[in-house]
Structures are given as C-alpha cells and as structure tokens.
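Work through the exercises below with the sequence and the model side by side. Try each task before reading its solution.

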Amino acid sequence: MADLLADLEPVGRDGGTGGFRRYAWTRDDHELGSWFEAECAARGLAVTEDRAGNQWAWWGDPDATPGRAVVAGSHLDSVPDGGAFDGPLGVVSALLAVDRLRSRGFVPARPIGIARFVDEEGARFGVACAGSRLITGKLAADRALGLADADGITLAEALRSAGRRPDDLGPDPQALARIGTFVELHVEQGKGLIDLDAPVGVGSDIWPHGRWRFDFPGVADHAGTTALADRSDALLGLARLVLAARTAAERNGCLATVGKTRVQPGGVNAIPSAATAWLDARGSAEEAVRAALADLTASAAADGGVITEESWTPVTRFDRDLATRLATLLGGVDQPAPVLGTGAGHDAGILARAGIPTAMIFVRNPTGVSHSPAEHAEPDDCEAGVDALAAVLADLASDS
Ligand code: GLV
Ligand code: MN
Ligand code: MN
C-alpha cells in the first residue's frame, strides 16, 4: 500500500501546500492513467476504456458472461490541494485485493474488474462524477463538451489536446452491462468510524447534493475616482451571498458552502464588473437543501444575481441487501460492521442510481478531514480496508 501510494506522490503535487492538484485531462491525469495501466499490465490484466475514458481492468472475460462481473474501483483525480487518499485509496486497494486473492489461489467464478473513473471531483470543468455521469447518460455529451475550465478551455478542446476524440463521448450501456456488482472503497470523509471505534464500515446512503453558479453583474470603473453612490460593484452581491449561505444552512439544517469565486476584471483598483460564485449545498433531507436554495435565490435576485444549477443528485440509497451482506461478512452475524451514510458524492452513487447493485466500504479517517492536504488514514486501517475488499470480492465472485 505504502509503495503504491508513494508511486503516485509526485503526480500533481503542490510543493507549497503538500496537497495534490490532479485535474481531468491534464498531463498529470494522463500520468495517472498510464500508471493505472502499467499496474494492471504488471498483473496481466487487460485494460479497456469506455466512451468517457474511464478505465476498466479485467481478471476474466466480462463479455463471456455479461452482467455478472464484480468490479471494485474509484478515482485518481483530486480537488484543488486534495489529500492522498480520496480516490487513490480505492484504486490501490482494489489492485492489492486482487493480489491478495491470487496469492491465496482464489479462482473467481465471475470476472473481477478494477475501475478507474475519470474526473470524479469536477475540479476543472465543474461537474462532479463526470465520467460515471456520462456513461450512465446522466450528463449529456453535448453539455459536457461545452463545459469550460478557469482558462476558458472547453472539455472538447481538452480532450483534443489529450489526443482524444470528443465525438466518442456518450452513454455506454455496453460498458455498464458488464457489471453485476460495483464496490467502491473510500477513505471516510467524516468521523463516523472514529465514533464507532471501527476500522471499516459499509455505506448506506449518500445525501442529496448539488452545485449552483451565481452570476452577479456590475460596472467597471475607477476605484479612486468613483463615488460610492455611483458604483455598481458586482462583488457586493457575491459577498452577501456568502454570508446568506451560512445563514440559510443554519436556518434550514443543511450545509452550504461557497468555495470558489471569480471576480472580473480582477484589478485591485477597478470596481468589479462581474462576479461569479459557486455554491455547494447538501443535507440529509432534500427539502432542507431546496429551502436553503430558495432563500439564496431570493437574496441573490435582490442583487441582480442569476442562478444556474450545474448539477443535482437526489438522495442515493445503496442496495440494502448488499450492504447487509457486506456488513455481516466483515463483522459477523452477531456484530456486523457498521453501516453508515455520507455527505460526500461518489461514482458509486451514480452507478447505484443507474440501477447497478452497488456498495461502498469506508476506511476510518482519524481526523475526519478530507479535501485537504491533511487528509489521512492509518496504515493498519488501510490494510483492514484491503482485507475487507478482498473478502467482499471473494464472496461476490464465488457465486456461480
Ligand atoms: C466529492 O468528493 C464530493 O462529494 O464533492
Ligand atoms: Mn472528493
Ligand atoms: Mn472520492
């Protein structure tokens, strides 16, 4: 585990923060994909790509018995200044779980796959889980291709620069039809397992969550010569939105965060002519998130703000029987492993919403911190995660 994570460490590393900036369809992303392919090749696993560029490595032939493969995996991209575990832990654990099964002489009755999803965080183009949303048809190719990054480069252009054909993008029912069960192992992004004193747990559900863009208008003018009364300052509306988000979240019992903004023209001595804020809102209840959003829409409208929904994912409940099976397998009948929910989104959630029996295994996070260079998981807990994933793959792939 340490060696595999160390292999990835130089990729997209930010020297200043110690975090990672691994964005979709960049040179770093290409390196991550090549690393995945090489690790799979070293294990004799053939890698295929679907129409969104997600990678699938196969132990056994998934087309010989369609709809029966047991697949484990996650993503390798990161948020800005992300940690080492969110994503990579799931991919590395899947590789190690396969090693473990093989070293025991396990012979799967079903094909076993390892998946690496592209663009899970949406850090560059704004839509999270873009790879899994595309193949499941939850994100239309036309819309995806027009998404632009902070430099105005569209996904279509980024794909071309990466030597790919944008026209290939689209739903991929054939890739999905191979999967009988999908299991994503992930570092926990909260403190649930600390409180439960357990190294691993099983996912029950993902909170409803979404992303919205707020555009505020203004008029550029001189900061030293324009009277306060004569100004139309776009950033004032944005500032009020940031504070309103906190209030709306508190009032409605959900979470709301403005973590990304853009101010134009961006000169210290120019009154902002346009300001854009991206809001992330989530909660255990959809009504609470929608009520907070209604508050924010009203407050932004008073400042001339225009709101655009960039993504929305309703509550996702993982297959209950599968979760119970995993919890019992990992903890025993008398003391099953804990089953817990999360506010974090995952490709597993997108596949579950597409009707694929899906489960998640969480590995304890000793601080609960994630989406930060400080994200951590103890080596013993990571090992427990690999043990758990190997046990789950063996169990699921033994069914004839
Ligand atoms: C993905 O990590 C998300 O929940 O934003
Ligand atoms: Mn993440
Ligand atoms: Mn993740």
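## Exercise 1: Cysteines

A search of the whole structure turns up zero disulfides (a disulfide is a pair of cysteine sulfur atoms within 2.5 Å). The model is predicted: local features need pLDDT of at least 70, side-chain atom pairs count only at pLDDT 80 or more, and totals for chains, interfaces and linings use all residues. Residues are numbered from 1 along each chain as its sequence is written, chains are lettered from A and ligands numbered from 1 in the order in which they are written, and side-chain values use heavy atoms, with hydrogens and water left out.

Task: Which cysteine sulfur is nearest to that of C382, and how far away is it?

Solution:
- Step 1. Find the neighbour: the nearest cysteine sulfur belongs to C40, 19 Å away.
- Step 2. Apply the rule: C382 is in no disulfide.
- Step 3. Check accessibility: C382 counts as buried because its relative accessibility is 2% (buried means under 20% relative accessible area, exposed over 50%, partly exposed in between; 1.4 Å probe, protein chains only).

## Exercise 2: Backbone exceptions

Most residues other than glycine have a negative phi, and most peptide bonds are trans.

Task: Is D197 buried or exposed? Where is C129 found?

Solution:
- Step 1. Take D197: its phi is positive, about 55°, although it is not a glycine.
- Step 2. Place D197 in the loop between α8 (192-196) and β6 (200-206). Helices (H or I, at least four residues) and strands (E, at least two) are DSSP runs, numbered from the N terminus.
- Step 3. D197 is exposed, because its relative accessible area is 63%.
- Step 4. Take C129: phi is again positive, about 60°, and C129 is not a glycine. C129 is found in the loop between β4 (112-117) and α4.
- Step 5. C129 is buried, because its relative accessible area is 3%.
- Step 6. Look for a cis peptide bond: one joins Q264 and P265, with omega about 0°. P265 is in the loop between β8 (255-264) and β9.

## Exercise 3: A strand residue

Task: Which residues does A277 contact, leaving aside neighbours within four places in sequence?

Solution:
- Step 1. Locate A277 in strand β9 (residues 274-282).
- Step 2. A277 is buried, because its relative accessibility is 0%.
- Step 3. List the contacts (heavy atoms within 4.5 Å): W212, R213, F214, L238, L241, V258, K260 and T261.

## Exercise 4: Nonpolar cores

In soluble globular proteins, nonpolar side chains tend to be buried together.

Task: Which residues touch the most other members of the largest nonpolar core?

Solution:
- Step 1. Define the set: a nonpolar core is made of buried Ala, Val, Leu, Ile, Met, Phe, Trp, Tyr and Cys residues joined through side-chain atoms within 4.5 Å.
- Step 2. The largest core has 52 residues, and W35, I361 and L389 touch the most other members.
- Step 3. Helix α13 (residues 379-398) gives the most to this core, ten residues.
- Step 4. Another core lies apart from it, with 39 residues, including I135 and F362.

## Exercise 5: The second largest pocket

Task: Which helix gives the largest share of the lining of the second largest pocket?

Solution:
- Step 1. Count the lining: 14 residues, with W25, D29, H30, G33 and R164 nearest the centre.
- Step 2. Assign the share: helix α2 (residues 27-42) supplies five residues, the largest share.

A pocket is an open set of points on a 1 Å grid over the protein atoms alone, where a 1.4 Å probe fits, with protein on both sides within 12 Å along at least five of seven lines; lining residues have an atom within 4 Å of a point.
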